[in-house]
Amino acid sequence: MLIKDLINHLEDIAPLKYAEDFDNVGLLIGDKNTTVTNVLVTLDTLEDVVDEAIAKNCNFILSFHPIIFKGLKSLTGKNYVERTVLKAIQNNIAIYAIHTALDNDKNGVNAMICNQLELYNQRILIPQKQTIKKLTTYAPITEVETIKNALFKVGAGQIGNYSNCSFTTNGMGSFNPNQDANPTTGKIGENHIESETQINITFHKHLEAAVLKTLFETHSYEEIAFEVTTLENTNQNIGMGMVAELKKPMTETEFLNYLKEKMDVSMIRHSKLTNKTIKKVAVLGGSGSFAINAAKAAGADVFVTSDLKYHEFFQAENNILLADIGHYESEQYTKSGLVAILTKKIPNFAFILSNTNTNPVKYF
């Protein structure tokens, strides 16, 4: 398998179109035309991880966090980022970062936290906006079903829990081909009236290139009239964080003990106890202070996240329990979750779980 083929599989799982604008995702180091030996899956890519990849004959590192986040102005090995990048290049090891593309996927980081906590009725906490588009085009009535089915085949027509969605309207189209035209119907220099159908089909934004390519390949017209617009519909499957429910309500103390056990953490920073029963749980792996109000608006009894600052704990306002379990701790099951997804998707390929603990935070 070539790196570019592996990337196609990774983008099926977590399309880069849904990564946050500030992020640096995708292939950071490497040639897409290189053959992949084995893949090492890690949370962070550090020098020790590159050494592990070398020892395990892996020439591709799938990293959750990007080692290159800001622009590099030199490669002299003066810091851990440059040393890691240099070592990877010197040993012909490619590095791919998936980060917020996976954060925003319904089966990604936050679903993995929910699964670890055995939560049910999972849904996106902050759905990403402007991710659903609509294609409008016009075709002869006899071609409509062929065009629609071809578009459905590449993933168009999906919105929420529904597939093969479209809307059609019949009408009359008119045109007059000039002498340089090669019309499918009608004659050069003559006005022509054709019974046509307006086709409207929704699609997720990462499919736009495939949708238009299919339209051009399927439609018989030399000149195809079409437009693509962005809808205001909320995408239920793309976005940050998740909110779900416990199978059995707990007291706050019971839940905090449960959280420590299930997430394998030694300590939890939390806001003042509210003396409320915990049933609805909001989660957001990594730095999640920006989602406190969203968790409250969703009616969550507790918000599990990390990297909360002193003053951000005040935002609980005795309405919600804020539980900070640590950045690494909140995302630690991501790499094993990725290995499970990839092994199922590509069963005859070696995906190796990194044994390197990359947590930079130590507790005394």
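Helix axes here are lines fitted to C-alpha atoms over the stretch in contact, and the angle between two of them runs from 0 to 180 degrees between N-to-C directions. The exercises below concern a predicted model.

**Exercise 1. Helix 1 against helix 11**

Task: State how close the axes of helix 1 and helix 11 come, at what angle they cross, and which residues meet.

Solution.
- Step 1. Helix 1 covers residues 3-13, and its axis comes within 11 Å of that of helix 11.
- Step 2. The two axes cross at roughly 115°.
- Step 3. The crossing of helix 1 past helix 11 is right-handed.
- Step 4. On the side of helix 1, the residues at the meeting point are His9, Leu10, Asp12 and Ile13. Helix 11 contributes Ile341, Leu342 and Lys345.

**Exercise 2. The chain as a whole**

Task: Describe the chain by its secondary structure, its extent, its buried fraction and the reach of its contacts.

Solution.
- Step 1. The chain holds eleven helices and 15 strands.
- Step 2. The C-alpha trace spans about 85 × 55 × 40 Å along its principal axes.
- Step 3. Of the 364 residues in the chain, 49% are buried.
- Step 4. Take the contacts with a separation of 6 or more: 71% of them join residues 24 or more positions apart.

**Exercise 3. The two sides of helix 2**

Task: Find which residues of helix 2 are buried and decide how they are arranged about the helix axis.

Solution.
- Step 1. Within helix 2 (residues 47-55), Val49, Val50, Glu52 and Ala53 are buried.
- Step 2. Viewed down the axis of helix 2, these buried residues fall within an arc of 155°, so they line one face.
- Step 3. As background, an α-helix has 3.6 residues a turn, so residues three or four places apart point the same way.
- Step 4. Asp48 and Ala55 are exposed and sit on the face of helix 2 turned away from the buried side.
- Step 5. The partners of the buried residues are strand 2 (39-42), strand 3 (60-63), helix 3 (80-90) and strand 15 (351-353).
- Step 6. Just after helix 2 comes asparagine 57, whose phi is positive, about 55°.

**Exercise 4. Helix 2 against helix 3**

Task: Classify the relative direction of helix 2 and helix 3, and list the residues that make the contact.

Solution.
- Step 1. The packing angle of helix 2 and helix 3 is about 15°, and their axes are 9 Å apart.
- Step 2. Angles under 35 degrees count as roughly parallel. Helix 2 and helix 3 are therefore roughly parallel to each other.
- Step 3. Helix 2 passes helix 3 in a crossing that is left-handed.
- Step 4. The contact uses Glu47, Val50 and Asp51 from helix 2, and Arg83, Thr84, Lys87 and Ala88 from helix 3.

**Exercise 5. Surroundings of helix 5**

Task: Decide to what extent helix 5 is enclosed, and name what its buried residues pack against.

Solution.
- Step 1. Helix 5 spans residues 109-116, and six of its eight residues are buried, so the rest of the structure largely encloses it.
- Step 2. The buried residues are Val109, Asn110, Ala111, Met112, Ile113 and Cys114.
- Step 3. They pack against three helices, helix 4 (99-103), helix 10 (327-331) and helix 11 (334-345), and against strand 5, strand 10 (239-250) and strand 12 (278-287).
- Step 4. Glutamate 118, just after helix 5, takes a positive phi of about 60°.

**Exercise 6. An aromatic pair**

Task: Classify the ring pair of tyrosine 310 and phenylalanine 314, and give the exposure of both residues.

Solution.
- Step 1. Seven aromatic pairs are counted when ring centres must lie within 6.5 Å.
- Step 2. For tyrosine 310 and phenylalanine 314 the ring centres are 5.6 Å apart and the planes stand at 90°, so the pair is edge-to-face.
- Step 3. Tyrosine 310 has a relative accessible area of 59% and is exposed. Phenylalanine 314 is also exposed, at 53%.

**Exercise 7. Loop residues**

Task: Locate glutamine 130, asparagine 318 and threonine 142.

Solution.
- Step 1. Glutamine 130 lies in the loop between strand 5 (120-127) and strand 6 (132-140). Although not a glycine, glutamine 130 has a positive phi of about 55°.
- Step 2. Asparagine 318 belongs to the loop between strand 13 (302-306) and strand 14 (321-324). Its phi is near 60°, and asparagine 318 is partly exposed at 42% relative accessible area.
- Step 3. Threonine 142 is in the loop between strand 6 and helix 6 (144-153), and is exposed at 73%.
- Step 4. The C-alpha atoms of threonine 142 and threonine 197 are 9.1 Å apart, with their positions 55 residues apart along the chain.

Key
Residues are numbered from 1 along each chain as its sequence is written. This is a predicted model: local features need pLDDT of at least 70, side-chain atom pairs count only at pLDDT 80 or more; totals for chains, interfaces and linings use all residues. Side-chain values use heavy atoms; hydrogens and water are left out. Rings of Phe, Tyr and Trp (its six-membered ring) pair if their centres lie within 6.5 Å; planes under 30 degrees apart count as stacked, over 60 as edge-to-face and the rest as tilted. Buried means under 20% relative accessible area, exposed over 50%, partly exposed in between (1.4 Å probe, protein chains only). Helices (H or I, at least four residues) and strands (E, at least two) are DSSP runs, numbered from the N terminus. The arc is that of the directions from the helix axis to the C-beta atoms. Contact means heavy atoms within 4.5 Å. Angles under 35 degrees count as roughly parallel, over 145 as roughly antiparallel, 65 to 115 as roughly perpendicular and the rest as oblique. A crossing is left-handed if the near helix is turned anticlockwise from the far one by less than a right angle, and right-handed if clockwise.
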